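This report covers a ligand shell, two sets of annotated positions and two helices.

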Amino acid sequence: MPEAIISPSVLASDFGQLTAECTRMLKGGAQWLHMDVMDGHFVPNITMGAPVLKCVHKGVPGIFMDVHMMVSNPERWVDDIADAGGALYCFHIEAASDPISLIHAIHKRNMKAGVAISPDTPSSAITDDIGALADMLLVMTVYPGRGGQKFLERCVPKVAELRARFPEKDIEVDGGLNPKTVHVCAEAAAQRAPPPASLLLAMPQGSNVIVAGTAIYGADDPPAVIQTLKDAVNT
Ligand code: DX5
Ligand code: ZN
């Protein structure tokens with residue numbers, strides 16, 4: 001089964017202390033850091049780009065940067081993000097004109113490739129060939145563009161659909177995740193018909209990569225929240 005991975009979204013952190021904000025999450029049990037890149041075009045806001053990621057990569061040894069590209073023309077930034085130390089390049093299917101070529105370009109730069117779908121995009125937009133080639137699939141549970149929004153439970157069936165089609169892939173959820181909303185995502189596979197008993201042990205559940213910004217950075221005890229989110233995936 002894919003491993004439980006917690007990827008705190010630095011969007012909810014103090015940008016003036018970015019390296020320290022990442023370091024304390026790794027010390028608190030997070031494996032990845034979720035870096036939200038917004039271009040003011042695909043989404044209305046602007047956040048950070050490759051120069052900032054490069055400084056974070058330099059300042060936080062061993063960091064795995066899970067880079068969520070909320071940008072138009074995602075093919076344009078592959079080299080810059082790779083040069084900045086990005087470990088996973090996740091683009092939106094809605095913005096990509098040739099997803100297969102883009103995944104190949106990402107792999108060529110030794111990054112993992114992620115494919116994201118916004119709330120109004122069906123899971124079928126991730127075709128079998130795209131899903132087979134990608135390393136991670138991201139189901140947005142809020143409209144991309146800002147942190148602190150309300151979790152959209154209607155997106156959860158897409159997690160179950162993708163998990164059924166891609167049992168070995170990392171499936172990430174992002175938006176409004178907290179110790180209460182995580183369960184429905186982590187257990188999304190339970191909503192479909194149970195697999196044959198012989199397959200049960202090998203079958204992953206729903207999402208295994210959990211992004212959370214407000215719920216982790218806003219907590220009094222972030223390591224406890226990280227552990228709670230991890231446990232939700234593991235049980
Ligand atoms: C939304 C971003 C998310 C966001 C999550 O556009 O992609 O990563 O930071 O923040 P919370 O956990 O506060 O909803
Ligand atoms: Zn994100």
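Is H68 buried or exposed? H68 is buried, because 28 other C-beta atoms lie within 10 Å, and the cut-off for that class is 20 or more. The model is a predicted one. H68 sits in strand 3, residues 65–70. Apart from residues up to four places away in sequence, H68 touches H34, M35, D36, V37, C90, A116 and D174.

**Annotated positions**

H68 appears in two annotations. In an unreviewed entry, UniProt lists H34, D36, H68 and D174 under "binding site". These residues span 141 residues in sequence, yet no two of their C-alpha atoms are more than 10.6 Å apart, so they gather at one spot. A further UniProt "binding site" annotation, also from an unreviewed entry, covers S9, H68, G145, R146, G147, G148, G176, G213 and T214.

Four of the annotated residues are compared below.

| Residue | Location | C-beta neighbours inside 10 Å |
|---|---|---|
| H34 | strand 2 | 28, buried |
| D174 | strand 7 (residues 170–174) | 27, buried |
| S9 | loop between strand 1 and helix 1 | 24, buried |
| H68 | strand 3 (residues 65–70) | 28, buried |

The contacts given next leave aside neighbours within four places in sequence. H34 is in contact with S7, P8, S9, V10, D66, H68 and V211. D174 has contacts with H68, L138, M140, T141 and V211, when residues within four places in sequence are again left out. For S9, the partners beyond four places in sequence are H34, D36, G147, V211, A212 and G213. V211 is thus a contact of H34, of D174 and of S9.

**Shell around ligand 1**

The shell around ligand 1 holds 22 residues, of which S9, L11, G147, G213 and T214 come nearest. Among these, S9, G147, G213 and T214 are also covered by the UniProt "binding site" annotation. By class, the shell residues divide into 8 nonpolar, 11 polar and 3 charged. At least two shell residues come from each of strand 2 (33–38), strand 8 (209–212) and helix 9 (214–217). H34 belongs to strand 2.

**Helix 10**

Which elements do the buried residues of helix 10 pack against? They pack against strand 1 (5–8), helix 1 (18–27), helix 7 (182–186), strand 8 and helix 9. Strand 8 and helix 9 also contribute to the shell around ligand 1.

Helix 10 runs over residues 222–234, and its 13 residues should span 18 Å at 1.5 Å a residue; the end C-alpha atoms are 18 Å apart, which agrees. The buried residues in this helix are P222, V225, I226, L229, K230, A232 and V233. Viewed down the axis of helix 10, the buried residues fall within an arc of 155 degrees, so they line one face of the helix. K230 is one of the buried residues, and Lys counts as charged.

**Helix 6**

Helix 6 occupies residues 156–165, with V156, K158, V159, A160, L162 and R163 buried. What do these residues pack against? The partners of the buried residues of helix 6 are strand 5 (112–117), strand 6 (136–140), strand 7 and helix 7. Strand 7 is the element that contains D174. Helix 7 is also packed against by the buried residues of helix 10.

Definitions and conventions:
Residues are numbered from 1 along each chain as its sequence is written. Chains are lettered from A and ligands numbered from 1 in the order in which they are written. This is a predicted model: local features need pLDDT of at least 70, side-chain atom pairs count only at pLDDT 80 or more; totals for chains, interfaces and linings use all residues. A residue is near a molecule or strand if its C-beta atom, placed from the backbone, lies within 6 Å of it. Helices (H or I, at least four residues) and strands (E, at least two) are DSSP runs, numbered from the N terminus. UniProt positions are given in the numbering used here, feature names are shortened, and annotations may be inferred rather than shown by experiment. A residue is buried if 20 or more other C-beta atoms lie within 10 Å of its own, exposed if 12 or fewer, and partly exposed in between; C-beta atoms are placed from the backbone. Two residues are in contact if their C-beta atoms, placed from the backbone, lie within 7 Å. The expected span of a helix is 1.5 Å times one less than its number of residues. The arc is that of the directions from the helix axis to the C-beta atoms.
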